[in-house]
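Hi,

Here is the structure I said I'd pass along. Have a look when you get a minute, and my notes are underneath.

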Amino acid sequence: MKSMCKADEVPPRNIKILVAYDGTDFFGWQRQARARTVQGDIEDALETLHKAPVALTGAGRTDTGVHASGQVANFYTSIRGMEPERFVPALNSLLSRDVRILEAKETYRSFHARFDARRRTYRYHFITRPHALPWELRCAWHIRRRPDIRRLNEYARLFRGEMDCSAFAAPTDKSKSRHRYISSACFYVEGDRLIFEISANAFLWRMVRSVAGTLIRCEEKGLNAADVQGIIESGSRALAGPTAPPQGLFLWKVDY
């Protein structure tokens, strides 16, 4: 069977990029018609380079105000003779300072940043001292006290394996299944910050913020691990705690 491509045609290359951004001034990752988004800004930069629209696929759709240090995305390019790593300075020269392309490399043709991801890791940052510096408030939740990390990790250990995460799902979440496989969850101290890190195959909409807010509220009330287990098993969002604010959340890394 003869190839459908002409002799001078070269199939587009699939480029995988690593992206970091300060989500404060964005309405999330996903492109929107009348709002500034990370995907929209990068697609606009790609269109300037290619002189034609280019679709960008991300590993996760972060919400308004949420940040990333390790978002992964991919796009197909028809530009010939340009080394993949040259997309880093080329795109950064067209992007604002709150979005940076950290890496770019060619990957296999069928690679899909979202569907090929095996695990996503998020970190939620808390400032636990009485006063926060002004710029810190862009990237952490200021709770003004140091919680009992031992108790928090007793709660965190309950988040393991295949779980029904309905108690932490936003009411408007449209997922067909609310079961997710959580590989790890823990709290730790880094400098003068408290960090909550959780990894899973995927997350429900606002799930990480819901878990973070719930566990901090449970610790504040002095609840034990059995109480938290009861919240998980109830599947009721009404029994869980508040949704933590977006500014403390980072999409930290994506594993393939």
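Below is what turned up, going from the whole chain down to single residues.

Before anything else, keep in mind that this is a predicted model.

**Overall picture**

The protein has 256 residues, and 48% of them count as buried. Its secondary structure adds up to five helices and 10 strands. If you want a box for it, the C-alpha trace covers about 70 × 45 × 30 Å along the principal axes. On the contact map, take the pairs at least 6 apart in sequence: 70% of those contacts join residues at least 24 apart.

**A helix pair**

Next up are H3 (residues 149–156) and H4 (residues 207–221), which pack with their axes 10 Å apart and at an angle of about 130°. That angle is why H3 counts as oblique to H4. The crossing of H3 past H4 is right-handed. On the H3 side, the residues involved are Arg151, Leu152 and Tyr155, and they meet Leu215, Ile216, Cys218 and Glu219 of H4. Sorted by class, this contact comprises five nonpolar and two charged residues, with no polar ones.

**Two buried polar side chains**

Which strand holds glutamine 71? Glutamine 71 sits in S3, the strand made of residues 67–77. Its relative accessibility is 0%, so glutamine 71 counts as buried. What does its side chain pair with in a polar contact? The partner is the side chain of tyrosine 21, at 3.4 Å. A polar atom of the glutamine 71 side chain also lies 3.3 Å from the backbone nitrogen of alanine 59. Leaving out residues up to four places away in sequence, glutamine 71 touches Ile17, Leu18, Val19, Tyr21, Trp29, Gly58, Ala59, Gly60 and Leu251.

Then there is asparagine 14, in strand S1 (residues 13–21). Asparagine 14 is buried, because its relative accessible area is 0%, and the cut-off for buried is under 20%. The side chain of asparagine 14 makes a polar contact with that of asparagine 74, at 3.0 Å. Beyond its neighbours within four places in sequence, asparagine 14 is in contact with Asn74, Phe75 and Tyr76, and with Lys105, Glu106, Thr107, Tyr108, Arg109, Ser110 and Phe111. For a distance across the chain, the C-alpha atoms of asparagine 14 and serine 78 are 9.2 Å apart, with the two positions 64 residues apart along the sequence.

**Two backbone angles to look at**

Most residues other than glycine have a negative phi. Two residues here go the other way.

- Lysine 51 has a positive phi, near 60°, and is not a glycine. Where is lysine 51 found? Lysine 51 is in the loop between helix H1 (38–50) and strand S2 (57–58). Its relative accessibility is 74%, so lysine 51 counts as exposed.
- Arginine 144, also not a glycine, has a positive phi of about 65°. Arginine 144 belongs to the loop between strand S6 (141–142) and H3. Is arginine 144 buried or exposed? With 55% relative accessibility, arginine 144 counts as exposed.

That's my list, so over to you.

Cheers

Notes: Residues numbered from 1 in each chain as written. Predicted model: local features only at pLDDT ≥ 70, side-chain atom pairs only at ≥ 80, totals over all residues. Heavy atoms only, no water. Axes fitted to C-alpha atoms, helices over the stretch in contact; angles between N-to-C directions. Helix = DSSP H or I, 4+ residues; strand = E, 2+ residues; numbered from the N terminus. Parallel < 35°, antiparallel > 145°, perpendicular 65-115°, else oblique. Left-handed = near helix turned anticlockwise from the far one by under 90°. Contact = heavy atoms within 4.5 Å. Nonpolar A, V, L, I, M, F, W, Y, C, P; charged D, E, K, R; others polar. Buried < 20%, exposed > 50% of the residue type's maximum accessible area, 1.4 Å probe, protein only. Polar contact = N/O pair within 3.5 Å; in protein donor to acceptor, adjacent residues only side chain to side chain.
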